[in-house]
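The exercises below are meant to be worked through with the model open beside the text. Try each task before reading its solution.

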Amino acid sequence: MLPNDPKIIRIAQTSATKELSKTQKQFNNLIKRIETQKQALLEWQETLPVYNQKVSSEYEVLWDAYNQHRVDLVYLLDRAHGDKSFTKSDKAKITHILTELAEELILEHGKDELKEVYNKHSEDDIDAAQEEADAMAGELMKSMMGGMFGIDIDIDDDIDVSSPEKLREFMQQKMQEAEAEHVEQQRQAEEKRAERKKTKKQLEKEAKQQQEAQNISQSIREVYRKLAGALHPDREPDAEERERKTKLMQRVNAAYEKKNLLELLELQLEAEQIDQEHLNTIAEDRLKYFIKILKEQARELEQEVMGYQMEFNQRMNRPPLARLNPKTLIMSLEMDIRSLRSDIGRLKDEIKLFKNTPSLKAFLKSYKIQRSRPADDFDDFIGGFLHPDNFR
């Protein structure tokens, strides 16, 4: 239900009331907060298939093409290394560029066909480098996940980071283990507390909490009973009306199962069991129970929306809690697609250029070996080297 829907649940100020009470305002604010999160969740749910389709049909196709061109470049440089016309210094630079590109393509993109080329030009064995990279990734992931979710991950735990699904399975298992441990700790703590004689104040507090929980549950049950009594399809003789009530009753049962008070109230309004006057005159003590239920509902929706944000922040190498919405997600993907197309065009120019020995020599003469992030340095350098001004 969108915020501009005329049937939205809210307490309205009337001529009989100069101002809404604090509890009434809190109720309205919670309804607004829930509707905002429901709309955000709907946008994520509608955007997700669009995003995934765009990734599979455009981005991944371009990325595969980009990596294949880089594989071609590695083989080109390998052949150039065997050309006697290149100096020792030239060949050292070729080796540096070639091994950095090959290592990334093998370790990050699964281009195992380059292992032989890499091992030929490198003092290190790529399989050993793979094991080291996996170990470092696993340790980093343990640290990150432990910090983000407060889970103790043993140093001996083997984390498979080869796919998001396997990582999610591992984290779900660890979270279930942590939850089970927490429940057991609570049970043991309850047993210890039970062994001790409780004070009068403790007993009064427990009784109050139990009564409050019972009242909250009763508040939802009362709304459900009224709806079920009025909408039960078996009591309706008219076939068309019976079908309408059957569909409404299915929604009522689903809302009650999820303890979704707001949806139950909306259904009451839709079924004309309540009207605006009824909402305006809900008793303060009843409103307080409604507010407790709605607070929990709002928190659950916010956590669900945050789950989408964190998942895509992780995919995009952004901070886990960085603000992100579906619109900016699609815009970012479209920018990545345009950038990738540009990179592919530039890479094709590089390969065409380097097939010419004098052009490759000219490039190598200007190229400086950098020991930090050399693959990125190469990309930046070649981008500048291929600027049209250098060929006028």
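**Exercise 1. The overall fold**

Read along the sequence, which pattern does the chain follow?

Solution. Bear in mind first that this is a predicted model. Going along the sequence, one writes down a letter for each element and obtains α-α-α-α-α-α-α-α-α-α-α-α-α. Counting the elements by kind then gives 13 helices and zero strands. As a next step, consider how the chain is brought together: among contacts between residues at least 6 apart in sequence, 64% join residues at least 24 apart. Finally, turn to the surface, where the chain, with its 392 residues of which 33% count as buried, exposes about 25,300 Å², and carbon and sulfur atoms supply 49% of that area.

**Exercise 2. A pair of helices**

Describe how helix 1 and helix 2 pack, giving the angle, the distance between their axes and the residues that meet.

Solution. Two packed helices are described by the angle between their axes and the distance between the axes. Here helix 1 covers residues 22–81 and helix 2 covers residues 88–109, and the two pack at an angle of about 145° with their axes 9 Å apart. The crossing in which helix 1 passes helix 2 is left-handed. To see which side chains to look at, start in helix 1 with residues including Trp63, Arg70, Leu77 and His81, which belong to the set that meets helix 2, where the partners include Lys91, Ile94, Leu98, Leu105 and His109. Sorted by character, the residues of this contact divide into 12 nonpolar, four polar and four charged.

**Exercise 3. One threonine**

Is Thr99 buried or exposed, and what lies around Thr99?

Solution. Begin by locating Thr99, which is found in helix 2. Its relative accessible area is 11%, and because buried means under 20%, Thr99 counts as buried. Next, look for a polar partner: a polar atom of the Thr99 side chain lies 2.8 Å from the backbone oxygen of Thr95. Setting aside neighbours within four places in sequence, one then finds Thr99 in contact with Tyr118, His121 and Ser122.

**Exercise 4. A lysine in a loop**

Where does Lys259 lie, and what is the value of its phi?

Solution. Lys259 lies in the loop between helix 7 (239–257) and helix 8 (261–270). Its phi is near 55°, a positive value in a residue other than glycine. For comparison, most residues other than glycine have a negative phi. As a last step, the relative accessible area of Lys259 is 53%, so this residue is exposed.

Notes: Residues numbered from 1 in each chain as written. Predicted model: local features only at pLDDT ≥ 70, side-chain atom pairs only at ≥ 80, totals over all residues. Heavy atoms only, no water. Axes fitted to C-alpha atoms, helices over the stretch in contact; angles between N-to-C directions. Helix = DSSP H or I, 4+ residues; strand = E, 2+ residues; numbered from the N terminus. Left-handed = near helix turned anticlockwise from the far one by under 90°. Contact = heavy atoms within 4.5 Å. Nonpolar A, V, L, I, M, F, W, Y, C, P; charged D, E, K, R; others polar. Buried < 20%, exposed > 50% of the residue type's maximum accessible area, 1.4 Å probe, protein only. Areas by Shrake-Rupley, 256 points an atom, 1.4 Å probe, with all protein chains shown as cover. Polar contact = N/O pair within 3.5 Å; in protein donor to acceptor, adjacent residues only side chain to side chain.
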